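The report below reads one protein chain through its helix contacts, its aromatic pairs and the surroundings of a few chosen residues.

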Amino acid sequence: MKSFKIIALLICFASTAGAQIGPSAKRIADVYFLNKEYYAAAEYYKKMLSISPDSAGFVVPYAFEQKMKETSPRKDDYEYAVYQLATSLRLYKNFRDAEKWYAISNKFTNPKYAQSEFWHGECLRANLKYEEAIKAFENFISRYKANDDCIPKAKLEIASCKYAMNEMKYPRMYKISRLSNNINQAGSNYAPAISDSEFYFTSSRPIGSEGKNQVLDAGKGKPKIVKKETPYINTIYAVGNDSQWQIR
């Protein structure tokens with residue numbers, strides 16, 4: 001009887017801990033988003049959607065929408081997490097993955113996500129899918145009812161796409177390709193330079209969870225987050241002839 005009580009207690013504890021994952025992830029994600037830490041915010045919105053940490057980046061998992069319907073999640077939290085994940089990725093300039101998440105949020109009927117199709121079009125345009133982007137902006141213009149500057153912006157985006165399509169008719173002078181080595185890892189990698197036979201670049205890849213505490217503002221009247229779990233800090237790296245990178 002005693003062992004039965006212990007097992008029952010452990011099950012209740014596990015259920016309570018599991019139930020706290022969603023709200024905790026949402027609060028942390030929102031604070032990161034408020035502080036413009038968009039990569040970290042995206043990671044926690046991903047946790048809100050119960051996407052496994054070992055999944056490939058922010059790619060939409062196979063049959064994601066169907067699985068979410070089958071598990072009957074809270075609709076408001078689900079739509080919020082999808083839209084915020086898409087927005088975090090877009091603001092982090094990860095237009096490729098943001099495009100796919102906006103494609104899901106486009107189906108939401110809640111008016112607060114009415115701009116989703118505009119941002120979807122922007123991601124399509126950034127991904128060089130100009131014809132699809134024009135269709136997205138045209139659909140947005142026909143459906144959007146708010147009286148703000150989004151309609152003029154959408155028309156400008158259409159003109160931009162048409163201009164780009166015309167420019168693409170001419171041959172390119174340069175071809176840019178991704179380096180196939182360990183330089184391109186998690187976080188953003190940019191500002192490359194070569195000096196004295198060494199290749200320098202800036203990266204915001206995580207360098208561990210240890211370090212001094214940092215208080216992130218969660219807004220007035222809300223609890224604060226005292227420490228970043230995974231600090232994505234901009235640091236300069238160098239790669240020598242031995243192809244090993246090191247922090248500078």
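Within helix α2 of this predicted model, the buried residues are Tyr 38, Tyr 39, Ala 40, Ala 41, Ala 42, Tyr 44, Tyr 45, Lys 46 and Met 48. Because nine of the eleven residues of α2 are buried, this helix is largely enclosed by the rest of the structure. Just after α2, Ser 50 adopts a positive phi of about 60 degrees.

The wider setting is a protein chain with eight helices and four strands, whose elements run from the N terminus as α-α-α-α-α-α-α-α-β-β-β-β. Of its 248 residues, 33% count as buried. Among contacts in the chain with a separation of 6 or more, 53% are accounted for by residues 24 or more positions apart.

**Helix contacts**

One partner of α2 is α4, and the two helices pack at an angle of about 155 degrees with their axes 9 Å apart. An angle over 145 degrees counts as roughly antiparallel, and α2 and α4 are therefore roughly antiparallel to each other. The crossing in which α2 passes α4 is left-handed. On the α2 side, the contact involves Tyr 38, Ala 41, Ala 42, Tyr 45 and Met 48, which meet Asp 77, Tyr 80, Ala 81, Gln 84, Leu 85, Ser 88, Leu 89 and Leu 91 of α4. Sorted by class, the residues of this contact of α2 with α4 comprise ten nonpolar, two polar and one charged.

A second helix pair is formed by α6 (residues 116-126) and α8 (residues 150-167), which pack at an angle of about 20 degrees with their axes 11 Å apart. Angles under 35 degrees count as roughly parallel, and α6 and α8 are therefore roughly parallel to each other. The crossing of α6 and α8 is left-handed. Phe 118, Glu 122 and Arg 125 of α6 make the contact together with Cys 150, Lys 153, Ala 154, Glu 157 and Cys 161 of α8. By class, the residues in the contact of α6 with α8 are four nonpolar, no polar and four charged.

**Aromatic pairs**

Across the whole structure, a search finds 13 aromatic pairs. A pair of aromatic rings is described by the distance of the centres and the angle of the planes, and two of the pairs are set out here.

| Pair | Distance of centres | Angle of planes | Class |
|---|---|---|---|
| Tyr 39 and Tyr 92 | 5.1 Å | 55 degrees | tilted |
| Tyr 45 and Tyr 80 | 6.2 Å | 75 degrees | edge-to-face |

Tyr 39 lies in helix α2 (residues 38-48), whereas Tyr 92 lies in the loop between α4 (75-91) and α5 (95-105), so the pair ties together parts that are 53 residues apart in sequence. Tyr 39 has a relative accessible area of 13% and is therefore buried, while Tyr 92, at 23% relative accessibility, counts as partly exposed.

The pair of Tyr 45 and Tyr 80 also links distant parts of the chain, with Tyr 45 in helix α2 and Tyr 80 in helix α4, 35 residues apart. Tyr 45 counts as buried at 0% relative accessibility, whereas Tyr 80, with a relative accessible area of 21%, is partly exposed. Both tyrosines also appear among the residues through which α2 and α4 meet. Elsewhere, Tyr 78, Tyr 83, Tyr 102, Phe 108 and Tyr 113 form one aromatic cluster.

**Two buried threonines**

Thr 87 lies in helix α4 and is buried, with a relative accessible area of 6%. Not counting residues up to four places away in sequence, Thr 87 touches Phe 33 and Tyr 102, and Tyr 102 is one of the members of the aromatic cluster. The C-alpha atoms of Thr 87 and Ala 41 are separated by 9.9 Å, although these residues are 46 residues apart along the chain.

Thr 202 has its place in strand β2 (residues 198-203). With a relative accessible area of 15%, Thr 202 is buried. Leaving aside its neighbours within four places in sequence, Thr 202 is in contact with Ser 188, Asn 189, Tyr 190 and Ala 191, and also with Asn 234, Thr 235 and Ile 236.

How values were computed
Residues are numbered from 1 along each chain as its sequence is written. This is a predicted model: local features need pLDDT of at least 70, side-chain atom pairs count only at pLDDT 80 or more; totals for chains, interfaces and linings use all residues. Side-chain values use heavy atoms; hydrogens and water are left out. Axes are lines fitted to C-alpha atoms, for helices over the stretch in contact, and angles run from 0 to 180 degrees between N-to-C directions. Angles under 35 degrees count as roughly parallel, over 145 as roughly antiparallel, 65 to 115 as roughly perpendicular and the rest as oblique. A crossing is left-handed if the near helix is turned anticlockwise from the far one by less than a right angle, and right-handed if clockwise. Contact means heavy atoms within 4.5 Å. Ala, Val, Leu, Ile, Met, Phe, Trp, Tyr, Cys and Pro count as nonpolar, Asp, Glu, Lys and Arg as charged, and the others, Gly among them, as polar. Rings of Phe, Tyr and Trp (its six-membered ring) pair if their centres lie within 6.5 Å; planes under 30 degrees apart count as stacked, over 60 as edge-to-face and the rest as tilted. Buried means under 20% relative accessible area, exposed over 50%, partly exposed in between (1.4 Å probe, protein chains only).
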